[in-house]
Amino acid sequence: MTDAPHVPVLLRPLIAALAPIEGVWLDGTFGAGGYTRALLDAGADRVFAVDRDPSTFRMAQAWVGQYGDRLQMREGRFSQLDQLAGESLDGVVLDLGVSSMQIDQAERGFSFQKDGPLDMRMGNTGPSAADIVNEAEEAHLARILFLYGEERQSRRIARAIVAARPVTTTLQLAEIVARCLPRQKPGQSNPATRSFQALRIAVNEEYDELYEGLAAAERALKPGGLLGVVTFHSVEDRMVKRFMQLRAGATGNANRFAPEVEGPPPAFELVGRKAAGPDDEELAANPRARSARLRVARRTDAPAGRADSAALGMPILNKGEKRR
């Protein structure tokens, strides 16, 4: 690994929106360390760097020493960030989704362009993508592809996967999916994109992690503390947007004729009315940023509460299940 192998997405607008940066911060998705280093260089007294993938910390050993005790590494999920920090925070940043360095490692099983074992786990525990692909009932597999990947041919693909079992490698799965869909045209995304996204989300419980992580940030942040979240697809962005609006009391009155009902005091204030996206300069340097969106909110002194998962538009895999 080089000293800075990957380009952090929306780094400049993130640091600008969070300024002035001081006190104790937590980077819940450490990855290659881009956000953590930027926070420390911008003036944070200390940063807790959290990641469920232990390999990220090993790859960072070449540069972490320059920050001394200001950098505290914590292996774990950002859904438990308040417990991992163990103290109140001045800021929390989250860069969601899979990192480019994980995709680049064929042995991790995230890429449909490089052959490798069908794994997709961001950490080292729990069922792999191969476990789901080879053990799930056809109807359940189809629901994963439809709900988490918005794949319209989910039933056809699930049926083909079941017929081809055992499916053990990434290219084998990509070929099965490709045979179920129209031939890829120039400029279109790979036919396997949605299916691989769906399986990755299911393996890593990404929507549950986001839901719990936002609640953990609300518990951990001091009054005046900032929460910055970068998302990469519409479902994540919808959840973050609705969480911030709901917890800021900015959802409005659905029925203008009904009397207003006074709710609990808002736990956040919105910073900026719209999500920030990449500018032309960043897009030219890093095309991966094209779908990225940044949203920021500031913690108030109101007690921490709990957002309803249905109100956030969180996809629920099991019908009838509801997270609180």
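**View 1. M120, a buried residue with an unusual backbone angle.** M120 has a relative accessible area of 0%, so it is buried (that word means under 20% relative accessible area, while exposed means over 50% and partly exposed is in between, using a 1.4 Å probe and protein chains only). You'll find M120 in the loop between α5 (100–104) and α6. Helices and strands get their numbers from the N terminus and are DSSP runs: H or I with at least four residues for a helix, E with at least two for a strand. Phi of M120 is near 75 degrees, which is a positive value in a residue other than glycine. Before you move on, note that this is a predicted model, where local features need pLDDT of at least 70 and side-chain atom pairs need pLDDT 80 or more, while totals for chains, interfaces and linings use all residues. Residues are numbered from 1 along each chain as its sequence is written, and side-chain values use heavy atoms, with hydrogens and water left out.

**View 2. The whole protein chain, before zooming in again.** Count along the chain and you get 13 helices and 7 strands. Of its 324 residues, 50% count as buried. Look at the contacts (heavy atoms within 4.5 Å) in the chain with a separation of 6 or more: 68% of them are between residues 24 or more positions apart. The chain exposes about 15900 Å², and 48% of that comes from carbon and sulfur atoms; accessible areas here come from the Shrake-Rupley method with a 1.4 Å probe, and for residues only the protein chains shown count as cover.

**View 3. Helix α10, mostly covered by its surroundings.** This helix covers residues 193–204, 12 residues in total, and spans 17 Å from its first C-alpha to its last, close to the expected 16 Å. That expected span is 1.5 Å times one less than the number of residues. Buried residues make up 9 of the 12 in α10, among them F196, L199, I201 and V203. What do the buried residues of α10 pack against? Their partners are α6 (129–135), α7 (138–149), α8 (154–164), α9 (170–180) and α11 (206–220). Right after α10 comes E205, in the loop between α10 and α11. Phi of E205 is near 50 degrees, again a positive value in a residue other than glycine. Is E205 buried or partly exposed? Its relative accessibility is 42%, so E205 counts as partly exposed.

**View 4. E151 and its partner R194.** E151 sits in the loop between α7 and α8. With a relative accessibility of just 1%, E151 counts as buried. The side chains of E151 and R194 make a polar contact at 3.1 Å. For a polar contact, you need a pair of N or O atoms within 3.5 Å; within protein, one must be able to donate a hydrogen and the other to accept it, and residues adjacent in sequence count only if both atoms are side-chain atoms. Setting aside neighbours within four places in sequence, E151 also touches other residues, including L145, F146, I157 and P191.

**View 5. Aromatic rings that pair up.** The structure has 6 aromatic pairs. Rings of Phe, Tyr and Trp (its six-membered ring) pair if their centres lie within 6.5 Å; planes under 30 degrees apart are stacked, over 60 edge-to-face, and the rest tilted. F30 and F57 are stacked, with 5.4 Å centre to centre and 25 degrees between the planes. F30 is in the loop between β1 (24–27) and α2 (34–42), and F57 is in helix α3 (residues 54–59), 27 residues apart. Both of these Phe residues are buried. Y148 and Y207 are edge-to-face instead, at 5.4 Å centre to centre with 80 degrees between the planes. Y148 is in helix α7 and Y207 in helix α11, so this pair ties together parts 59 residues apart in sequence. F30 and F57 also belong to one aromatic cluster with W63 and Y67.

**View 6. Arginines sitting over rings.** The charged end of R37 sits over the ring of W63, 4.3 Å from its centre. R299 does likewise over the face of F268, at 5.9 Å from the ring centre. To count, NZ of Lys or CZ of Arg must be within 6 Å of the ring centre and within 35 degrees of the ring normal.

**View 7. Two cis peptide bonds.** One cis bond joins A19 and P20, with omega about -5 degrees. P20 is in the loop between α1 (11–18) and β1. Another joins R165 and P166, with omega about 5 degrees, and P166 is in the loop between α8 and α9.
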